[in-house]
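Hi everyone, thanks for making room for me this morning. I'd like to walk you through one model, so let me put it up on the screen.

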Amino acid sequence: MNEKCCPRCEHQSILRPRGFSDQATASLVTWGEMDKKVVGQPICDDCHSELRDALIEHLRASTEKELEAGRAKNKRAS
Ligand SMILES: [Zn+2]
């Protein structure tokens, strides 16, 4: 087993490079989900699923906000 210390959670685990887009990575850093020092580094499976869940969660929240704003606008227009 090729276990290393994960730069994010500091657990011994198998680390793999993760293909988050630049935009997703920037967002994760902005939200405090990912430390700048972790950017571009391989991380463990647990961290990867946490970050992926965080991305989905934040995207859903902002989409809902946009939908609400859109609805409010439509209401005012009619
Ligand atoms: Zn980790």
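I'll go through confidence, then the fold, then one residue.

First, a reminder that what you see is a predicted model. The mean pLDDT over the chain is 92, and 96% of the residues reach at least 70. Among the elements, strand β2, residues 12-14, has the highest confidence, at 96. The lowest is helix α2, residues 45-77, with a mean of 92. As a general habit, where pLDDT is low, let's not read the predicted coordinates in detail.

Now the fold. We have two strands and two helices, and starting at the N terminus their order is β-β-α-α.

What about the overall dimensions? Along the principal axes, the C-alpha atoms occupy a box of roughly 65 × 20 × 15 Å. The radius of gyration is 17 Å, whereas a compact globule of 78 residues would come out near 12 Å. As for burial, 13% of the 78 residues count as buried.

Contacts are worth a moment too. Taking the contacts with a separation of 6 or more, 61% of them join residues 24 or more positions apart.

Finally, my chosen residue: Asp-45, which sits in helix α2. Is Asp-45 buried or exposed? Well, somewhere in between: Asp-45 is partly exposed, because 13 other C-beta atoms lie within 10 Å, and the exposed class stops at 12 or fewer. Asp-45 also pairs up nicely with Ser-13 for a look across the sequence: the two are 32 residues apart along the chain, and their C-alpha atoms are 8.1 Å apart in space.

That's my tour, and I'm happy to take questions.

How values were computed:
Residues are numbered from 1 along each chain as its sequence is written. This is a predicted model: local features need pLDDT of at least 70, side-chain atom pairs count only at pLDDT 80 or more; totals for chains, interfaces and linings use all residues. pLDDT is the predictor's confidence in each residue, from 0 to 100. Helices (H or I, at least four residues) and strands (E, at least two) are DSSP runs, numbered from the N terminus. The radius of gyration is taken over C-alpha atoms; the globule rule is 2.2 Å times the number of residues to the power 0.38. A residue is buried if 20 or more other C-beta atoms lie within 10 Å of its own, exposed if 12 or fewer, and partly exposed in between; C-beta atoms are placed from the backbone. Two residues are in contact if their C-beta atoms, placed from the backbone, lie within 7 Å.
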